[in-house]
Amino acid sequence: VETATVRINAGGDSYFNGGNVGIGNSPASDAKLEVWNGNLRVRGDQNNYIQLSNVAGNTKASLGNAGNEGDLSLYTSGNVKTVYLSSYYNSYINSSGGNLGIGTTAINGSFGASNTILAVKGKTSGGEGIIQITGLGNNATDNVGALTFHSQAEADPMCSIRSIRGTGDDVGSMAFLTNNGGTEAQRMSILYTGEIVLAAAE
């Protein structure tokens, strides 16, 4: 019994199973489908995806649109979505997805398996790893940026460090705050003059 290698069926399944397919040119030997100098389009109102799955049918990566927004999802071998990038919704790398390096593939030091790390490395010798926080404060005493430290079960920060705009865009102070039962208070400031101001003990 001969098996067709190419089947085009207007009322049922169609397939090519005799080799690779090239559109616009001959395909590479390792590409089942290759498009040269053109676009591959998946079109619809919402929830349309290009999915990469293993032989068991478990999705490992998907690119598409949730609603009318674009998104990319990556999954672990345990079928847990660990990376989600969205053009509209919240994007994340969850705790099952490992750490994040910018400018580096390695994390210096041992921080324990239960911790999540963001590492930023300079490009060349002498280069710095920089995290930049830019706020839109225009007035004196506006908060421009903050680092906040939270417990998992509490929305209010336990502690925070804030940058405060002075009389100009290049004038600023730092404020250090702690929280006592839901009441956040400023405990120390480093003023733009270099003066350190400590709050009175409660």
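Me: Strands are DSSP runs (E) of at least two residues, numbered from the N terminus. In this predicted model, in which loop is the place of Met158?

Reply: Happy to start there! Met158 is one of the residues that make a nonpolar surface patch. Its own place along the chain is in the loop between β12 and β13.

Me: Is Met158 buried, partly exposed or exposed?

Reply: The relative accessible area of Met158 is 45%. Buried would need a value under 20% and exposed one over 50%. Met158 falls in between, so the class is partly exposed.

Me: Which strands each supply at least two residues of the nonpolar patch?

Reply: The patch covers about 850 Å², and its members include Leu100, Ile102, Leu147 and Phe149. Leu100 and Ile102 fall within residues 100-102, while Leu147 and Phe149 fall within residues 143-149. The strands asked for are β10 and β12.

Me: Let's turn to the largest pocket. Which strand gives the largest share of its lining?

Reply: The largest pocket holds about 190 Å³ of space and is lined by 14 residues. Two strands, residues 159-165 and residues 172-180, each supply at least two of the lining residues. The largest share is 3 residues, and these come from β13.

Me: How many residues of that lining are polar?

Reply: Glycine counts as polar in this scheme, and Gly135 and Gly137 are among the lining residues nearest the pocket centre. The lining also has 4 nonpolar and 2 charged residues. The number of polar residues is 8.

Me: Which residue does Asp169 meet in a salt bridge?

Reply: Asp169 is among the lining residues nearest the centre of the largest pocket, and at 69% relative accessible area it is exposed. Its partner is buried, with a relative accessible area of 14%. The N to O distance in this pair is 3.0 Å, and the partner is Arg165.

Me: How many residues apart in sequence are the parts that Arg162 and Glu184 tie together?

Reply: Arg162 forms a salt bridge with Glu184, their closest N and O atoms being 3.0 Å apart. Arg162 lies in strand β13 and Glu184 in strand β15. Both are partly exposed, Arg162 at 22% and Glu184 at 29%. The pair therefore ties together parts whose separation in sequence, in residues, is 22.

Me: What is phi of Asn37 near, in degrees?

Reply: Most residues other than glycine have a negative phi. Asn37 has a positive value; this residue is in the loop between β4 and β5 and is exposed at 80% relative accessible area. Its phi is near 50 degrees.

Me: Which residue in the loop between β11 and β12 has a phi near 75 degrees?

Reply: This is a residue other than glycine with a positive phi. Its relative accessibility is 63%, so it counts as exposed. The residue is Thr141.

Me: One last thing: what distance separates the C-alpha atoms of Ile130 and Ala119?

Reply: Ile130 is in the loop between β11 and β12, and it is exposed, with a relative accessible area of 56%. Along the chain, Ile130 and Ala119 are 11 residues apart. Their C-alpha atoms are separated by 9.8 Å.

Conventions:
Residues numbered from 1 in each chain as written. Predicted model: local features only at pLDDT ≥ 70, side-chain atom pairs only at ≥ 80, totals over all residues. Heavy atoms only, no water. 1 Å grid on protein atoms, 1.4 Å probe; cavity = no way out; pocket = protein on both sides within 12 Å on 5 of 7 lines; lining within 4 Å. Points joined across faces, edges and corners; volume = space filled by probe spheres on them. Helix = DSSP H or I, 4+ residues; strand = E, 2+ residues; numbered from the N terminus. Patch = residues over 30% accessible without salt bridge, like charges linked within 9 Å, V, L, I, M, F, W, Y side chains within 5 Å. Areas by Shrake-Rupley, 256 points an atom, 1.4 Å probe, with all protein chains shown as cover. Salt bridge = Lys/Arg side-chain N within 4 Å of Asp/Glu carboxyl O. Buried < 20%, exposed > 50% of the residue type's maximum accessible area, 1.4 Å probe, protein only.
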